[in-house]
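Trainee: I've got a model open and would like to talk it through. Can we go one piece at a time?

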Amino acid sequence: DPQQLELATSSKRKLRRFIVIDEVVDELYGSQVREYFKQNNVQHQILALPTTEETKSMDLVLTILQEVQKFSIDRRTEPIIAIGGGVCLDIVGLAASLYRRRTPYIRVPTTLLSYVDASVGAKNGVNFLQCKNKLGGYTPPVASFLDRSFIQSIPRRHISNGLGEILKMALMKHKGLFDLLKRHGKYLLDTKFQSYSSSAGHGDAALQTTRIAIETMLEELAPNLWEDDLDRLVDFGHLISPELEMRVLPSLMHGEAVNIDMAFMTYVAYTRGLITAEEKEQIIQCMRGLELPVWHRGCSLSLIKRALMERLKHSGGQTRMPLPIGLGVA
């Protein structure tokens, strides 16, 4: 809104920002974040919190809101800033959507998974009664700031975890992205998605991969932001994984659980004659190359049945099951 922008920039009032940062990210980058606001003469409060799947609850949302209330922000011109992984962005998004019915917020993803997944779209939420994201809403951020330099400090397993969501978009929509992952997967893991001019034979694989993943995700989400249409390709890998992930916490990360779901559904697609044996093998080999698990002992037949029944209940009684019908086609 140009009027609000004019109001914010011409105001004699000092700029103020409330920032929620994941505590691990705070240890790594907190001093730089504080220095940034200091240099720009911004009055700020930074709240560092443990944002994990186990702490992703309404209790944490209320903790944030109590501090927001004390800080006293102007909900028109002072967006809340979330700096962290997907869990942090989800929790802060829900807190912002509840405060005075809707307060703007900004997402700054710091993991590969949140960079290509949580940064895009409108959803936010918390876990409830051992169910993943059972409470939440659809409130998009006013902006997402994407900076891949954050990713260089996360462990290799977290890079692999994010590659699970990138592979999802490749299998559903983009054979070129699948080929990129097959060809450069190990290089992307080794270099932690940083861009190097000396990377002979790899080009800027990190930039290409993340850009295509985000663009294909946006293509799917933008026309159906509030999920009125339940035929969603982005649900691939998300049929049995929510149940599995919550059941075996903390042994599987989100992208790993998603990949196990995708591996199982790849076999379903093969068994139903939708993909060839060669395509099935290519997919499973690519997953292994990205160092993603293709199975977990917690993924029993009873868990799969229970997850699919839960899915049926929330899909208007129709078995909406996205499946590959080739490489990059679904």
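Trainee: How far apart are the end C-alpha atoms over residues 48-160?

Mentor: Keep in mind that this is a predicted model, where local features need pLDDT of at least 70, side-chain atom pairs count only at pLDDT 80 or more, and totals for chains, interfaces and linings use all residues. Residues are numbered from 1 along each chain as its sequence is written, and side-chain values use heavy atoms, with hydrogens and water left out. The unreviewed UniProt entry puts "domain: 3-dehydroquinate synthase N-terminal" at residues 48-160, in the numbering used here, with a shortened name and an annotation that may be inferred rather than shown by experiment. That stretch is 35% helix and 25% strand (DSSP runs, H or I of at least four residues and E of at least two, numbered from the N terminus), and its end C-alpha atoms are 26 Å apart.

Trainee: How many disulfides does a search of the whole structure find?

Mentor: A disulfide is a pair of cysteine sulfur atoms within 2.5 Å. For Cys131, the nearest cysteine sulfur is that of Cys299, 17 Å away. Because that is too far for a bond, Cys299 has no partner there, and the search of the whole structure finds zero.

Trainee: Is Cys299 buried or exposed?

Mentor: Buried means under 20% relative accessible area, exposed over 50%, and partly exposed in between (1.4 Å probe, protein chains only). Cys131, at 28%, counts as partly exposed. Cys299 has a relative accessible area of 3%, so the word for Cys299 is buried.
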